[in-house]
Amino acid sequence: MRVLAMAAIRTNELRGTLRQDEPMARHTSWRAGGSAKVFYQPADIDDLIVFLHSLSADEPLYWVGLGSNLLVRDGGLNGTVIATSNLNRLDFLENHQVRAEVGVASPKLARETAKRDLSGMEFLCGIPGTVGGALALNAGALGSEMWQRVVSVETINRQGQLQHRPPADYQISYRHVEGPAEEWFVAATLQTEPGESSASLDLIKRYLARRSATQPTQLPNAGSVFRNPPDDYAARLIEACGLKNTCVGGACVSEKHANFIINTGTATAGDIEALIERVANTVKREHGIALVREVHIVGEGKDD
Ligand SMILES: Cc1cc2nc3c(=O)[nH]c(=O)nc-3n(C[C@H](O)[C@H](O)[C@H](O)COP(=O)(O)OP(=O)(O)OC[C@H]3O[C@@H](n4cnc5c(N)ncnc54)[C@H](O)[C@@H]3O)c2cc1C
């Protein structure tokens, strides 16, 4: 099936980057995991449409921004990965609105709006993903969340059809977004407010300093592994179980932040997933709380 899907692609019409058996460790912040059978990085939205037209209707599709909330199992992805990083147009509109394509890095959006005296996006400065990932997960920090700023989104389906949608078409909650099936984000129009560049840039500086003091920013990780349960913190519960520095293979619970799992250099996706399970099971046993994962896990295990 995969070979047929590839054969159908008229590669001379494509302007993006097409690879086979691409190690997803290169595209995820944990720097671990298996390969994608097919990996495509479209040059722009028009190129993405051409690529989607070339795929068979049942080709499994996976969308990846900067892979900062993603674990790809060691057996890899038996399908096609669309990597959005070249969909990176950023346009400043009237009424303090900004249209960002999904490959724009969230910290870049925070800085570029701040520089133009637009305020409200500063919270994204330390979230090392893309606008697409922030939309898919309702990324948030410091009391702000992505969808609080969404005026509308633009989506694409596997037939390559584009749509504009209002936030009302989505169910949005803490780090969770549900919308029409088999549609992915390609851009969003976001509402900012008039602000002052120096104040916003100063805020960003302080947010980033706070992060590097409290998070293991020097070692591969994927941010918070679990969502915070109502009225509590996952990190507090994990630390209270004495799990800091617990390791499986090369994956360890961070000493600096108990809700972060770091790759000390040799972790496999299997090590990371086993550690995630160990942490969840221990917290359940000792506190009676079932932690819900924030990170997305995709792909097949080594022995599947
Ligand atoms: C050091 C560190 C700190 C972090 N701090 C925070 C934080 O404070 N707050 C927070 O919310 N998160 C945080 N994160 C997690 C992560 O950065 C965010 O969730 C980010 O928004 C993910 O974006 P991404 O582009 O990396 O998404 P990816 O990891 O590439 O993808 C995540 C999910 O989104 C889907 N997706 C990606 N693009 C699209 C698209 N265009 N359309 C549809 N689905 C798509 C993917 O299929 C996948 O299921 C942190 C991560 C790290 C490593």
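**Aromatic pairs, ligand shell and two buried polar side chains**

In this predicted model, Trp-147, Tyr-170 and Phe-185 are joined into a cluster by ring pairs. The structure as a whole holds five aromatic pairs. In one of them, the ring centres of Tyr-40 and Phe-51 lie 4.1 Å apart with the planes at 15 degrees, so this pair is stacked. Tyr-40 belongs to strand β2 (residues 35-41) and Phe-51 to helix α2 (residues 45-53), so the stacking ties together parts that are eleven residues apart in sequence. Tyr-40 and Phe-51 are both buried.

A pair from the cluster has another geometry to offer. Tyr-170 and Phe-185 are tilted, with 5.6 Å from centre to centre and 40 degrees between the planes. This pair, too, links distant parts of the chain: Tyr-170 sits in the loop between β12 (162-165) and β13 (171-173), while Phe-185 is in strand β15, 15 residues apart. Are these two rings buried or exposed? Buried means under 20% relative accessible area. Tyr-170 has a relative accessibility of 9% and therefore counts as buried. Phe-185, at 14%, counts as buried as well.

Turning to the ligand, which parts of the protein surround it? The shell consists of 31 residues, and those that come nearest are Trp-63, Ser-68, Thr-130, Gly-140 and His-296. At least two shell residues are supplied by each of β3 (61-64), α4 (131-137), β9 (140-141) and β15 (183-191). Helix or strand, the element that gives the most to the shell is α4, with five residues. By residue class, the shell divides into 15 nonpolar, 13 polar and three charged residues.

Several polar atoms of the protein approach oxygen atoms of the ligand. A polar side-chain atom of Thr-130 is 2.6 Å from a ligand oxygen. The backbone takes part too: a polar backbone atom of Gly-65 lies 2.7 Å from an oxygen atom of the ligand, and for Asn-69 a backbone N or O atom is found 2.9 Å from a ligand oxygen. How much of the ligand does the protein cover? On its own the ligand has 980 Å² of accessible area, and the protein covers 92% of this.

Two further residues deserve a look, beginning with Ser-119. Ser-119 is placed in strand β8 (residues 118-119) and, with a relative accessibility of 17%, counts as buried because the limit is under 20%. Its side chain makes a polar contact of 3.5 Å with the side chain of Glu-122. Beyond the neighbours within four places in sequence, the contacts of Ser-119 are Arg-149, Thr-192, Glu-193, Pro-194, Gly-195 and Ser-200.

The other residue is Arg-211, found in helix α5 (residues 197-214). Arg-211 has a relative accessibility of 18% and so counts as buried. Residues up to four places away in sequence aside, Arg-211 touches Gly-126, Ile-127, Ala-141 and Thr-217. One of these, Ala-141, lies within the range of β9 (140-141), a strand that supplies residues to the ligand shell. What separates Arg-211 from Phe-185 of the aromatic cluster? The two are 26 residues apart in sequence, and in space their C-alpha atoms are 28 Å apart.

How values were computed: Residues are numbered from 1 along each chain as its sequence is written. This is a predicted model: local features need pLDDT of at least 70, side-chain atom pairs count only at pLDDT 80 or more; totals for chains, interfaces and linings use all residues. Side-chain values use heavy atoms; hydrogens and water are left out. A residue is near a molecule or strand if one of its heavy atoms lies within 4 Å of it. A polar contact is a pair of N or O atoms within 3.5 Å; within protein, one must be able to donate a hydrogen and the other to accept it, and residues adjacent in sequence count only if both atoms are side-chain atoms. Accessible areas come from the Shrake-Rupley method with a 1.4 Å probe; for residues, only the protein chains shown count as cover. Helices (H or I, at least four residues) and strands (E, at least two) are DSSP runs, numbered from the N terminus. Ala, Val, Leu, Ile, Met, Phe, Trp, Tyr, Cys and Pro count as nonpolar, Asp, Glu, Lys and Arg as charged, and the others, Gly among them, as polar. Rings of Phe, Tyr and Trp (its six-membered ring) pair if their centres lie within 6.5 Å; planes under 30 degrees apart count as stacked, over 60 as edge-to-face and the rest as tilted. Buried means under 20% relative accessible area, exposed over 50%, partly exposed in between (1.4 Å probe, protein chains only). Contact means heavy atoms within 4.5 Å.
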